[in-house]
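Welcome! Please open the structure in your viewer, switch on a cartoon display, and keep the selection tool at hand.

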Amino acid sequence: MRPHLYILALTVLATPLTAQSTREFTGDIGFVNTTGNAELTSVSVGQALKFAAGPWSLAQTFGVVYGENAGTVNTSLWRGGVRGDRKVGNAISLFVLSAWD
């Protein structure tokens, strides 16, 4: 990195967090079991956690959907992610995102 990028990075990191912060958690769970012409079982679990303090915010998500039809797995989806945001002006924000499906 060049020296001016180090200065920019240090300026962003040195910005103090305000005393006011918010935390938010949401979660969900689902279960489906059907019989008759088709036998289907499906389970889903998900959660999201959000934290914000001053110009900084962080969000984390995780979810699973798993399903079987007549004893055979037909759905197995795992997903997760982390996102960090930094407000640098009224109309400008920077973010970093890592997600997996």
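Here is a short tour, from the whole chain down to single residues.

**The whole protein**

Before selecting anything, keep in mind that this is a predicted model. Colour the protein by secondary structure: you should find 1 helix and 5 strands. Follow the chain from the N terminus and the elements come in the order α-β-β-β-β-β. Now switch to a surface view. The accessible surface comes to about 7,900 Å², and 62% of that area belongs to carbon and sulfur atoms. Of the 101 residues in the protein, 11% are buried. If you display contacts between residues at least 6 apart in sequence, 34% of them join residues at least 24 apart.

**The sheet**

Go back to the cartoon and select the strands. In what order do the 5 strands lie in the sheet? They follow the order 1-2-3-4-5, in an open sheet with antiparallel pairing. Select 21-34 for strand 1 and 93-100 for strand 5: these are the edge strands, and each pairs on one side only. Neighbouring strands of this sheet are turned by 5° against each other on average, ignoring direction. As general background, strands of a sheet pair through backbone hydrogen bonds, either parallel or antiparallel.

**Strands 1 and 2**

Next, show strand 1 and strand 2 together. They pair in the antiparallel sense over 14 bridges. For a landmark, select Arg 23, which stands opposite Phe 51 in strand 2. Then move to the hairpin of these strands, where 5 residues lie between strand 1 and strand 2. Pick out Gly 36 here: this glycine takes a positive phi near 130°.

**A patch across two strands**

Stay in this area and select Ile 29, Phe 31, Val 43 and Val 45. Together these residues make a nonpolar surface patch of about 400 Å². Strand 1 and strand 2 are the elements that give two or more residues to the patch. Click on Val 43, which has its place in strand 2. Is Val 43 buried or exposed? The answer falls in between: Val 43 counts as partly exposed because its relative accessibility is 33%.

**Strands 2 and 3**

Now select residues 40-53 for strand 2 and residues 56-69 for strand 3. These strands run antiparallel and are joined by 14 bridges. Two pairs are handy to label: Gly 46 stands opposite Gly 63 in strand 3, and Ser 44 has Val 65 in strand 3 as its bridge partner. In the hairpin of strand 2 and strand 3, 2 residues lie between the strands. Zoom in on Gly 54 in that hairpin, with its positive phi near 60°.

**The salt bridge**

Side chains of opposite charge can pair when their charged atoms come close. How many salt bridges does the count give here? It comes to 1 salt bridge. Select Arg 83 and Asp 85 to see this pair, with the closest N and O atoms 3.0 Å apart. Arg 83 counts as partly exposed, at 32% relative accessibility. Asp 85 has a relative accessibility of 19% and therefore counts as buried, the cut-off being under 20%.

**Last stop: Leu 94**

Finally, select Leu 94 in strand 5. Which residues does Leu 94 contact, leaving aside its neighbours within four places in sequence? They are Gly 84, Asp 85, Arg 86 and Val 88. Draw a distance line from Leu 94 to Gly 84: they are 10 residues apart in sequence and 8.4 Å apart in space, C-alpha to C-alpha.

Methods
Residues are numbered from 1 along each chain as its sequence is written. This is a predicted model: local features need pLDDT of at least 70, side-chain atom pairs count only at pLDDT 80 or more; totals for chains, interfaces and linings use all residues. Side-chain values use heavy atoms; hydrogens and water are left out. Two strands pair if DSSP finds at least two bridges between them. Helices (H or I, at least four residues) and strands (E, at least two) are DSSP runs, numbered from the N terminus. Axes are lines fitted to C-alpha atoms, for helices over the stretch in contact, and angles run from 0 to 180 degrees between N-to-C directions. A salt bridge is a side-chain nitrogen of Lys or Arg within 4 Å of a carboxyl oxygen of Asp or Glu. Buried means under 20% relative accessible area, exposed over 50%, partly exposed in between (1.4 Å probe, protein chains only). Patches are made of residues with over 30% relative accessible area and no salt bridge: like charges are joined within 9 Å, nonpolar side chains (Val, Leu, Ile, Met, Phe, Trp, Tyr) within 5 Å. Accessible areas come from the Shrake-Rupley method with a 1.4 Å probe; for residues, only the protein chains shown count as cover. Contact means heavy atoms within 4.5 Å.
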